Protein chains: 2
Amino acid sequence: MKVTIYDVAKAANVSIATVSKVINNTGNISDKTRQKVKRIMKELDYYPNMLASALMGKQTKTIGLLIPDLVNPFFSELARRIEDRGHELGYNIVICNTDYDSAKENKYLLLLKQKRVDGFILASGFEDLKKVEELIKEEIPVVIVARDFPMFSVNAVAIDDFMGGYVAANHLIELGHQNMGVVARDLWSNRERLRGFHYALESHGLQINKNFDFIKDINDHIKAGRHMTEKYLTGDNRPTAIFACNDLLAAGVIQMAKEWGLQIPEDLSVIGFDNTSIATVIDPPLTTVAQPIESMGREVMDLMVSIINGEKEEKSRVTLLPSLVTRKSTQALNVACKTN
Amino acid sequence: MKVTIYDVAKAANVSIATVSKVINNTGNISDKTRQKVKRIMKELDYYPNMLASALMGKQTKTIGLLIPDLVNPFFSELARRIEDRGHELGYNIVICNTDYDSAKENKYLLLLKQKRVDGFILASGFEDLKKVEELIKEEIPVVIVARDFPMFSVNAVAIDDFMGGYVAANHLIELGHQNMGVVARDLWSNRERLRGFHYALESHGLQINKNFDFIKDINDHIKAGRHMTEKYLTGDNRPTAIFACNDLLAAGVIQMAKEWGLQIPEDLSVIGFDNTSIATVIDPPLTTVAQPIESMGREVMDLMVSIINGEKEEKSRVTLLPSLVTRKSTQALNVACKTN
DNA sequence: TTGAAAGCGTTACCAC
DNA sequence: GTGGTAACGCTTTCAA
C-alpha cells in the first residue's frame with residue numbers, strides 16, 4: 001500500500017501533526033526531530049498526497065489551459081511557453097483542445113472545476129462570454145490570452161491586434177502596393193487586425209481588394225488560405241500583395257500562388273501573422289507580424305499566479321506589441337506586375 | 001462558499017449517502033427521490049468535488065503525458081491525438097515538456113505521483129529506464145509511446161522504426177541512388193531507423209555515405225539538418241540522396257541544399273520521417289515515411305485505459321507500421337548528377 | 001429504499 | 001516543541 005503520513009509518524013515515533021509540520025516547514029520543531037522525520041520520509045520513499053492537502057484548502061497547483069488546437073503551431077508554441085513558466089512556478093498544466101467548439105469548452109470547464117484546478121487560462125475562442133462571466137462570479141481565477149477581450153472586466157494578456165494589422169498594411173504601403181487582399185477568419189482577433197489594416201489603408205486613400213471575404217473553412221487553415229487565394233487570382237483586379245491573418249493561412253496563399261505560376265515575392269507579396277516556426281520553414285521565408293509568444297506565455301502565467309495568490313486587487317490587462325519581421329516574401333511593387 | 005453534498009442533502013431532505021448514490025447511479029433509490037435530488041443539484045448548481053472522491057479511492061481521471069517538446073510538430077500532433085482520445089474516454093491530460101532532460105522527467109514524475117494521476121504516458125526520451133521500472137514496481141500504469149522500448153517488460157505502442165528506415169532506403173534504391181547520406185540524432189528510434197536503412201543498403205551491396213555522423217545539436221532540428229547537409233555538400237563523394245530521420249531535419253536539409261544552389265529533387269533527393277504537417281508546407285512537398293500519428297494516439301490512450309481498468313493481465317506491445325508517402329522531394333537518379 | 005458512521009490523507013487549531 | 005483532534009467532501013458498508 002501507499003505510504004502515508006501515519007506510516008512516517010509511526011516510524012519516527014512522533015505524531016502526524018509533527019510530520020505535517022516538517023513537510024510544510026511550519027510551526028516550531030526541534031532540529032533533531034526535523035532531521036529524523038526527514039530521514040524516515042526518505043527511507044520510506046514517502047511523498048505527500050496532494051489530493052488530501054488540496055481537500056484541506058491548499059492549492060492543487062494545476063492550471064487548466066483551454067486552447068483551440070495544439071496542431072496549430074501558434075498555439076503549440078504558446079502552450080509550450082505557458083507550460084515552461086508554469087513548471088518554473090510549480091504548476092502543472094492540463095491541456096484542452098476546444099476546436100472553437102463551445103460545447104467542448106463547457107465540458108472542459110465543468111470537468112476541471114470538479115478537479116478544483118487553481119485557475120483557467122483561456123486561449124480559446126469564447127465568442128460566447130457567458131461562461132467566462134460565470135467563472136468570474138464563482139471567483140475562479142481566469143486569464144484570457146491571445147485573443148482580444150470582451151467589454152467587461154477580465155484579466156487578459158494579448159497583443160494589440162489592431163496595431164498588428166496596421167503594421168502589416170504600412171509595410172505593404174511603403175513597398176508601393178495599392179491593391180491588397182486579406183485572408184482572415186471571422187474571429188475577434190482577425191477582425192481587429194483587419195480593422196487596423198483598413199485604418200492604415202484609409203489614411204492613404206486606399207481600400208482593400210473587393211474580393212475580400214471572411215473564410216468559413218475552419219478545419220484546415222492551409223486549405224483555406226489556398227482557397228481564398230484562388231478567389232483573388234481568378235477575380236478581376238488582382239491584388240499585388242496579400243495579408244494573411246496567420247502564418248498557416250499565408251503558407252496556403254504561397255502554395256496556391258506558386259501553383260498558379262506566380263513568383264513570390266516578385267509577382268505577389270505575402271505577409272503573415274504570428275511568426276511561428278513555419279515562417280522560416282516555408283519558401284520563401286515569410287515576412288510576418290510577430291507576436292511575442294514567449295513573453296505572452298510568461299506574462300499570462302505570472303498574471304495567473306499573482307491572481308491566485310491574491311496579489312491583484314483589480315483586474316489587469318497586459319498588452320504586448322507586435323512587431324514586423326521582414327523576410328523574403330514581400331518586396332517593393334514591381335511596376336511590370338501591373339500588366340497582370 | 002462552494003456547495004457540497006451536504007447542502008444538496010439538506011435541501012432535498014435526504015442523507016448525503018442518498019445523494020452520493022444518485023450521483024454515482026449506485027444502490028437502490030426510488031425514482032421519486034432520484035428526481036428530487038437531481039433537481040436540487042441543478043438548482044444549487046452543484047458539481048461533485050473530484051478530489052474528495054479520488055481520496056476515497058476513485059480515479060482522478062487524469063493522465064500525465066511526458067513529451068520532449070510540444071514545439072516539435074510530431075509531438076504536438078501526437079499530444080493532440082492522445083488528448084482527443086482521452087477526452088472521449090473522460091480523461092484529462094497533464095502535459096509536461098521534458099526536453100529530453102532526465103532531471104525534468106523526474107520532477108514531473110514525482111509531482112504527478114503526488115497528484116495521483118491514474119497513469120503516465122511517456123513519449124519522452126527516457127534513455128535512463130530506472131524511473132520507468134520504478135513506476136512499474138509501484139504499480140502505476142505506464143505506457144511508452146513513439147520510442148522503441150527497453151528490453152524489459154513494459155507496455156508500449158510504437159512504430160517499427162527499423163522497418164521505417166528500411167522503407168526509406170528501398171525507395172531511394174529503387175530510384176537508382178547509390179550514394180546516400182543520413183541525418184540522425186543519437187536516440188534509440190533514430191538508431192533503429194538507421195539500422196533498417198543500413199540493412200536495406202547492405203542487401204544491395206551499398207553503404208551509407210562516409211561523412212555520416214550523429215548530430216549533436218539538440219535544440220534546433222532545422223539548424224542541425226542544415227549543418228549536417230553542409231557537411232555532406234562540402235565533403236568529397238557527395239550523396240545524391242539524403243534520408244533525414246524526421247521532417248524538421250529534412251526541412252533543414254532542403255533549406256541548405258537550396259542555398260547551395262541545388263535543385264530538389266533534381267540535384268538531391270530528400271526523404272523525411274514522421275509525415276508531420278510541415279511535410280506539405282515546405283517546398284517541394286516532402287516525401288517522407290509516415291507514422292500513423294492518429295492511430296498511435298488512439299492506441300496508446302486505449303491501452304492506458306484498459307490497464308487502468310485492470311483488463312490487461314500481461315504487458316502488451318502495439319507495433320504499428322510506417323508507410324511511405326511519396327511527394328515531390330525525391331526522384332530517380334539523374335545520371336548527369338554524377339558529374340558533381 | 002434510506003441513513004449513520006467510518007474512513008480516505010492531509011492541515012490547522014489548541015492544548016499540553 | 002509536540003500531539004490530539006476536528007475538519008475537508010466524498011464513498012461505502014451495514015443496519016434499520
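**DNA contacts and helix packing in a predicted model**

Colleague: Which helix gives the most to the surface near DNA strand C?

Modeller: This is a predicted model, and several helices take part in the surface near DNA strand C. At least two residues each come from α1 (5-12), α2 and α4 (50-55) of chain A, together with α2 of chain B. The helix that gives the most, with four residues, is α2(A).

Colleague: Which residues come nearest to DNA strand C, and what share of the strand's atoms within 4 Å of the protein belongs to sugar and phosphate?

Modeller: There are 26 residues around DNA strand C, of which A:Ile5, A:Ser20, B:Thr18, B:Lys21 and B:Met56 come nearest. Among the atoms of this strand that come within 4 Å of the protein, the share of sugar and phosphate is 64%.

Colleague: How far does a polar side-chain atom of B:Thr18 lie from a phosphate oxygen of DNA strand C?

Modeller: Two backbone approaches to phosphate oxygens of DNA strand C may be set beside this one. A backbone N or O atom lies 2.8 Å away in the case of A:Ile5 and 2.9 Å away in the case of B:Ser30. For B:Thr18, where the atom is a polar one of the side chain, the distance is 2.7 Å.

Colleague: How many charged residues does the surface near DNA strand C have?

Modeller: By class, 14 residues of this surface are nonpolar and 10 are polar. The number of charged residues is two.

Colleague: Which residues come nearest to DNA strand D?

Modeller: Around DNA strand D there are 27 residues. By class, their surface has 14 nonpolar, 11 polar and two charged residues. Of the strand's atoms within 4 Å of the protein, 62% belong to sugar or phosphate, and the rest belong to bases. The residues that come nearest are A:Thr18, A:Lys21, B:Ile5, B:Ser20 and B:Tyr46.

Colleague: Which elements give two or more residues to the surface near DNA strand D?

Modeller: Individual side chains may be considered beforehand. Polar side-chain atoms of A:Thr33 and B:Tyr46 lie 2.8 Å and 2.6 Å respectively from a phosphate oxygen of DNA strand D, and a side-chain N or O atom of B:Asn24 is 3.0 Å from one. The elements giving two or more residues are α2 (16-24) of chain A and, from chain B, α1 (5-12), α2 (16-24) and α4 (50-55).

Colleague: How are α1(B) and α2(B) oriented to each other, and why?

Modeller: The axes of these two helices come within 8 Å and cross at roughly 105°. Because of that angle, α1(B) is to α2(B) roughly perpendicular.

Colleague: How many nonpolar residues does the contact of α1(B) with α2(B) have?

Modeller: From α1(B), the residues B:Ile5, B:Tyr6, B:Val8 and B:Ala9 meet B:Ile16, B:Val19, B:Ser20 and B:Ile23 of α2(B). One residue of the contact is polar and none is charged. The number of nonpolar residues is seven.

Colleague: What is the handedness of the crossing of α8(B) and α9(B)?

Modeller: Helix α8 (residues 161-174) and helix α9 (residues 188-202), both of chain B, pack at about 40° with their axes 6 Å apart. That angle is why α8(B) is oblique to α9(B). The crossing itself is right-handed.

Colleague: How many charged residues does the contact of α8(B) with α9(B) have?

Modeller: The residues that meet here include B:Asp161 and B:Phe162 in α8(B), and B:Glu192, B:Arg193 and B:Arg195 in α9(B). By class, 10 residues of the contact are nonpolar and four are polar. The number of charged residues is four.

Definitions and conventions: Residues are numbered from 1 along each chain as its sequence is written. Chains are lettered from A and ligands numbered from 1 in the order in which they are written. This is a predicted model: local features need pLDDT of at least 70, side-chain atom pairs count only at pLDDT 80 or more; totals for chains, interfaces and linings use all residues. Side-chain values use heavy atoms; hydrogens and water are left out. Axes are lines fitted to C-alpha atoms, for helices over the stretch in contact, and angles run from 0 to 180 degrees between N-to-C directions. Angles under 35 degrees count as roughly parallel, over 145 as roughly antiparallel, 65 to 115 as roughly perpendicular and the rest as oblique. A crossing is left-handed if the near helix is turned anticlockwise from the far one by less than a right angle, and right-handed if clockwise. Contact means heavy atoms within 4.5 Å. Ala, Val, Leu, Ile, Met, Phe, Trp, Tyr, Cys and Pro count as nonpolar, Asp, Glu, Lys and Arg as charged, and the others, Gly among them, as polar. A residue is near a molecule or strand if one of its heavy atoms lies within 4 Å of it. A polar contact is a pair of N or O atoms within 3.5 Å; within protein, one must be able to donate a hydrogen and the other to accept it, and residues adjacent in sequence count only if both atoms are side-chain atoms.
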